[in-house]
Amino acid sequence: MLSRLMSGSVRSLEREYLCTVRLLDDTEYTCTIQRDAKGQYLFDLICHHLNLLEKDYFGIRYVDPDKQRHWLEFTKSISKQMKSQPPFTMCLRVKFYPPDPAALKEEITRYLVFLQIKRDLYHGRLLCKTSDAAMLAAYILQAEIGDYDPGKHPEGYSSKFQFFPKHSEKLERRIAEIHKTELIGQTPETAELKFLQKAEMLETYGVDPHPCKDVSGNPAFLAFTPFGFVVLQGNKRVHFLKWDEVTKLKFEGKTFHIYANQKEDKKIILTYFAPTPEACKHLWKCGVENQAFYKLEKSSQVRTVSSSNLFFKGSRFRYSGRVAKEVMEQSAKIKREPPEIHRAGLVPSRSCPSITHGPRLSSVPRTRRRAVHISIMEGLESLRDSAHSTPVRSMSHGDSFIPRSRSQATDSGDGTAVISDETYSPSDSVLPTPVAEHSLEMAVSRQINGAPCSIEEEKESEAATPTVGDMAELGADSRAVGPVQSAGALSETEQTVVCLQAPLGGRTAH
């Protein structure tokens with residue numbers, strides 16, 4: 001009888017997996033899930049833990065053993081989606097950026113979106129002009145340390161905080177000046193709200209970039225935003241298509257096509273090449289979900305989409321959530337006492353250390369640049385694709401996707417829009433790290449063995465293998481909010497060790 005009970009308990013343990021989800025404030029939520037548990041079950045557990053009702057804007061992200069990012073599908077079994085062995089490591093992130101984050105119903109939702117955008121700023125995804133960067137950083141300071149106090153904040157105190165991949169001493173002084181003189185008396189809630197209002201005005205708000213190449217072999221970043229499909233090259237937005245204009249998204253192998261109709265029946269076909277077929281499929285699925293979420297009036301209009309014109313060929317995918325209009329209508333019905341918010345305060349952040357007390361990061365040491373450059377140039381060869389392609393056709397930007405007062409870009413005569421003084425070079429690909437390793441000695445050991453370092457300040461790695469644009473920018477002097485450094489935004493410990501490979505174990509995504 002006892003042996004039967006013991007064997008039953010062993011079988012029960014085999015049917016359960018340990019799962020760790022890293023939250024936006026860098027804390028971790030760990031739970032045990034059944035082998036057949038679906039993604040929705042885990043997501044509901046996390047939202048209940050956070051007391052989050054406006055949850056449709058968020059998703060759970062993970063990275064497979066090949067370093068490809070994925071969004072966890074809520075209608076499918078978790079264990080069948082994960083290609084790695086348990087325990088599983090994932091992270092909670094904003095999946096669909098609110099078109100107007102300041103208008104979110106509850107403060108807890110605004111706070112979580114604030115944490116995501118702060119992360120985007122730090123990792124170079126939210127790129128902006130110097131004046132905007134100074135104001136955003138000052139809001140972060142006000143939200144996290146409160147009013148300026150000469151007794152607590154000595155001269156040069158802003159240099160102890162890392163808001164961007166790189167920034168200059170002049171920008172640091174401007175941040176401190178704004179914090180000292182313009183934001184006194186603002187509560188964390190007010191500072192966060194002002195931060196959201198400012199960030200939403202920027203061209204790169206809501207951009208989750210996918211690195212690709214155009215038909216000429218030039219690096220580009222493709223992204224889906226609340227307002228439409230965007231292509232960024234250099235320091236410019238070279239294409240923008242509103243969601244109403246996009247008619248079809250297709251992919252075959254590493255080749256991604258986007259079809260659109262503009263005014264006067266002008267048809268647009270854009271073609272880009274992803275680094276791998278898996279990356280291209282992920283890009284396509286993200287596009288399908290974003291278009292359904294932002295474009296449709298109700299979820300009953302969602303249809304299964306095929307990646308090919310032929311019914312029996314290619315991948316098929318269907319968005320399974322509510323759409324933006326339904327989410328906003330549901331939010332308006334929320335009536336409860338606002339939940340208590342436990343802000344991070346001065347706790348050092350691992351993956352977004354804007355509140356980590358450490359020296360300001362400048363350009364990457366020259367010796368490391370060469371080592372990284374060699375690795376990157378080898379990897380970029382895989383982006384070449386001999387498949388057929390449709391020439392990229394220029395498009396009209398007569399109708400901007402945002403009011404002129406909202407846009408921070410400068411339109412030029414050829415229809416492009418300048419988004420910043422710097423090249424757009426975010427850390428898009430991820431160097432995942434294991435969950436429970438903290439010492440630098442262990443990090444060095446793992447790096448020698450070809451695995452990524454585990455960094456205390458960056459427990460969830462959001463660093464990436466840099467692009468060609470990164471390498472070009474690293475050779476120049478840092479001005480304001482520059483591109484991400486050679487292995488992404490580097491923490492203080494990372495200045496010692498840079499890792500370019502990843503293990504097969506637990507992984508996360510930014």
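**Entry 1: Arg-22 and its partner**

Buried means under 20% relative accessible area, exposed over 50%, and partly exposed in between. I keep that cut-off at hand while I look through this predicted model. My first stop is Arg-22: its relative accessible area is 2%, so I note Arg-22 as buried. Which residue does the side chain of Arg-22 meet in a salt bridge? I find Glu-28, with 3.2 Å from N to O. Glu-28 has 29% relative accessibility, so I write down partly exposed for that residue.

**Entry 2: Strand E1 and its neighbours**

Next I look at strand E1, residues 16-22. Is E1 mostly covered or mostly open? Five of its seven residues are buried, so I call E1 mostly covered. I see E1 pair with strand E2 (residues 28-34) in the antiparallel sense, over seven bridges. The two strands form a hairpin with five residues between them. In the turn I spot Asp-26, which has a positive phi of about 75°.

I then turn to strand E5, residues 88-94, which runs parallel to E1 and is joined to E1 by four bridges. Thr-20 is a handy residue to follow here. In E2, I find Thr-30 opposite Thr-20, and in E5 the bridge partner of Thr-20 is Thr-89.

**Entry 3: The nonpolar core**

How many residues does the largest nonpolar core have? I read 111, and the ones with the most contacts inside the core are Leu-42, Phe-58, Met-90 and Phe-256. Helix H5 (residues 130-145) gives the largest share of this core, 11 residues. A reminder to myself: in soluble globular proteins, nonpolar side chains tend to be buried together.

I pick Leu-42 for a closer look. Leaving out residues up to four places away in sequence, Leu-42 touches eight residues that I can list: Cys-19, Val-21, Cys-31, Ile-33, Ile-60, Leu-72, Ile-78 and Met-90.

**Entry 4: Cysteines**

Two cysteines in the Leu-42 list, Cys-19 and Cys-31, make me check for disulfides. The structure holds zero of them. Why do Cys-19 and Cys-31 not bond? The sulfur of Cys-19 has its closest cysteine sulfur in Cys-31, but the 5.1 Å between them is too far for a bond. Cys-19 is buried, at 0% relative accessible area. I also look up Cys-128, which is buried at 3%.

**Entry 5: More salt bridges**

My search of the whole structure finds 20 salt bridges. One of them joins Lys-285 and Glu-73, with the closest N and O atoms 2.7 Å apart. This pair links distant parts of the chain, 212 residues apart: Lys-285 is in helix H8 (residues 277-295), and Glu-73 is in the loop between strand E4 and helix H3. At 14% relative accessibility, Glu-73 counts as buried.

Another joins Glu-203 and Arg-237, at 2.9 Å between the closest N and O atoms. Glu-203 lies in the loop between helix H7 and strand E6, while Arg-237 lies in strand E9, 34 residues apart. I note Glu-203 as buried at 8%, and Arg-237 as buried at 4%. Salt bridges that share partners also join Arg-61, Arg-69 and Asp-208 into one network.

**Entry 6: Glu-245, without a bridge**

Last comes Glu-245, in the loop between strands E9 and E10. Glu-245 is buried yet has no salt bridge. Where is the nearest side chain of opposite charge? I find Lys-242, 4.3 Å away; a salt bridge needs its nitrogen within 4 Å of a carboxyl oxygen. Among the residues Glu-245 touches are Phe-240 and Tyr-259.

How values were computed. Residues are numbered from 1 along each chain as its sequence is written. This is a predicted model: local features need pLDDT of at least 70, side-chain atom pairs count only at pLDDT 80 or more; totals for chains, interfaces and linings use all residues. Side-chain values use heavy atoms; hydrogens and water are left out. A nonpolar core is a set of buried Ala, Val, Leu, Ile, Met, Phe, Trp, Tyr and Cys residues joined through side-chain atoms within 4.5 Å. Buried means under 20% relative accessible area, exposed over 50%, partly exposed in between (1.4 Å probe, protein chains only). Contact means heavy atoms within 4.5 Å. A disulfide is a pair of cysteine sulfur atoms within 2.5 Å. Lys and Arg count as positive and Asp and Glu as negative; His and the chain ends are not counted. Two strands pair if DSSP finds at least two bridges between them.
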